[in-house]
Every structure is written in C-alpha cells, then in structure tokens.
Amino acid sequence: PDTLLEFERNGHVATRGLLTPRDLERVAAGLWSVAEAEREAAEDHAGEFTEVDCGEDGPSEDVGRPPFLQTFNPHRRHAIARELALSPVLASVAAALLGVA
C-alpha cells in the first residue's frame, strides 16, 4: 500500500530486491554501455543546436553538452535494455503498480 501511494504521488518508486545480485551483475556492464551510448548521442545532438560564443577565453567546457539527459525507448536500440523491458518479473510489478492485469 505505501509503495503504491508513493508511486501514485511521485511517478516512480524504488523496488529493492526485485532483481537478484546475480541478475544485476549480469546486466550491469551492458546497462552502463547503454548509458554511455545514449549520453554520447545526446551530446552529439546538443552540439548540433548549440551556438558557440568563444569570447576572449574560447568556447566554454559546456559547449555541446546537453542541459540534461533523457532517453526514450532504449529497448529499441539496445538488446540488454530490451531484455529488461520484456522481463516477466518487471512486467508483473509494473502491472501491479499501474493497476492493470
């Protein structure tokens, strides 16, 4: 009940113990690779739309950096993300949180 209320209020919730340490170890490196690939893609994208004002000191370190990172549908581009997205365990918890069968 508290978890459902937290999810309804915040739109997210921590579900500790949902995956075993072995499961996490198996997917961790792949997920870090996904995060790195998505970060690089976001920075490339941001660089295309960032105007550079070099001023006296040259360009800022922040040129080409996105103001925040947001990833959409990584399961469409990365096998490990797809594996987690289609996990029956995660799907059953998502269904319970959303109140669907």
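## A guided tour of a four-helix chain

Start by selecting leucine 5: with a relative accessibility of 37%, this residue counts as partly exposed, because its value falls between the 20% limit for buried and the 50% limit for exposed. Keep in mind as you explore that this is a predicted model.

**Stop 1: the whole chain.** Zoom out and colour by secondary structure. You should find 4 helices and 0 strands, and from the N terminus on the order reads α-α-α-α. The chain has 101 residues, and buried ones make up 16% of them. Switch on the surface if you like: the accessible surface comes to about 8200 Å², with 55% of it belonging to carbon and sulfur atoms. How much of the contact in this chain comes from residues 24 or more positions apart? Counting contacts with a separation of 6 or more, such residues account for 56%.

**Stop 2: helix α1 and its partner.** Go back to leucine 5, which sits in helix α1, residues 2-10. Now add leucine 97 to your selection. These two leucines are 92 residues apart in sequence, yet their C-alpha atoms are 9.3 Å apart in space.

Next, show helix α4, residues 88-98, alongside α1. Two packed helices are described by the angle between their axes and the distance between the axes. Here the axes of α1 and α4 come within 9 Å and cross at roughly 75 degrees. That angle is why α1 is called roughly perpendicular to α4. To see who makes the contact, select Thr3, Leu4 and Phe7 on α1, then Ala96, Leu97 and Leu98 on α4. What kinds of residue are these, nonpolar, polar or charged? The contact of α1 with α4 has 5 nonpolar residues, 1 polar and no charged.

**Stop 3: the salt bridges.** Time to look at charged side chains. How many salt bridges does a search of the whole structure find? The search turns up 3, and you can visit each in turn.

*Glutamate 83 and arginine 26.* Show both side chains: they form a salt bridge, and their closest N and O atoms are 2.6 Å apart. This pair links distant parts of the chain, since glutamate 83 belongs to helix α3 (residues 79-85) and arginine 26 to helix α2 (residues 21-49), with 57 residues separating them. Glutamate 83 counts as partly exposed, because its relative accessibility is 36%.

*Arginine 39 and glutamate 36.* Stay on helix α2 for this one. Both residues lie in that helix, 3 residues apart, which is about one turn. Their salt bridge brings the closest N and O atoms to 2.4 Å. Arginine 39 is partly exposed, with a relative accessible area of 26%, and glutamate 36 is partly exposed too, at 35%.

*Arginine 77 and glutamate 38.* Finish with this pair, whose side chains meet in a salt bridge at 3.0 Å, N to O. Here again distant parts of the chain are linked: arginine 77 is in the loop between α2 and α3, glutamate 38 is in helix α2, and they are 39 residues apart. Colour the two by accessibility before you leave. Is glutamate 38 buried or exposed? Glutamate 38 counts as buried, because its relative accessibility is 14%, under the 20% limit. Arginine 77, by contrast, is partly exposed, with a relative accessible area of 46%.

Technical notes: Residues are numbered from 1 along each chain as its sequence is written. This is a predicted model: local features need pLDDT of at least 70, side-chain atom pairs count only at pLDDT 80 or more; totals for chains, interfaces and linings use all residues. Side-chain values use heavy atoms; hydrogens and water are left out. Helices (H or I, at least four residues) and strands (E, at least two) are DSSP runs, numbered from the N terminus. Buried means under 20% relative accessible area, exposed over 50%, partly exposed in between (1.4 Å probe, protein chains only). A salt bridge is a side-chain nitrogen of Lys or Arg within 4 Å of a carboxyl oxygen of Asp or Glu. Contact means heavy atoms within 4.5 Å. Accessible areas come from the Shrake-Rupley method with a 1.4 Å probe; for residues, only the protein chains shown count as cover. Axes are lines fitted to C-alpha atoms, for helices over the stretch in contact, and angles run from 0 to 180 degrees between N-to-C directions. Angles under 35 degrees count as roughly parallel, over 145 as roughly antiparallel, 65 to 115 as roughly perpendicular and the rest as oblique. Ala, Val, Leu, Ile, Met, Phe, Trp, Tyr, Cys and Pro count as nonpolar, Asp, Glu, Lys and Arg as charged, and the others, Gly among them, as polar.
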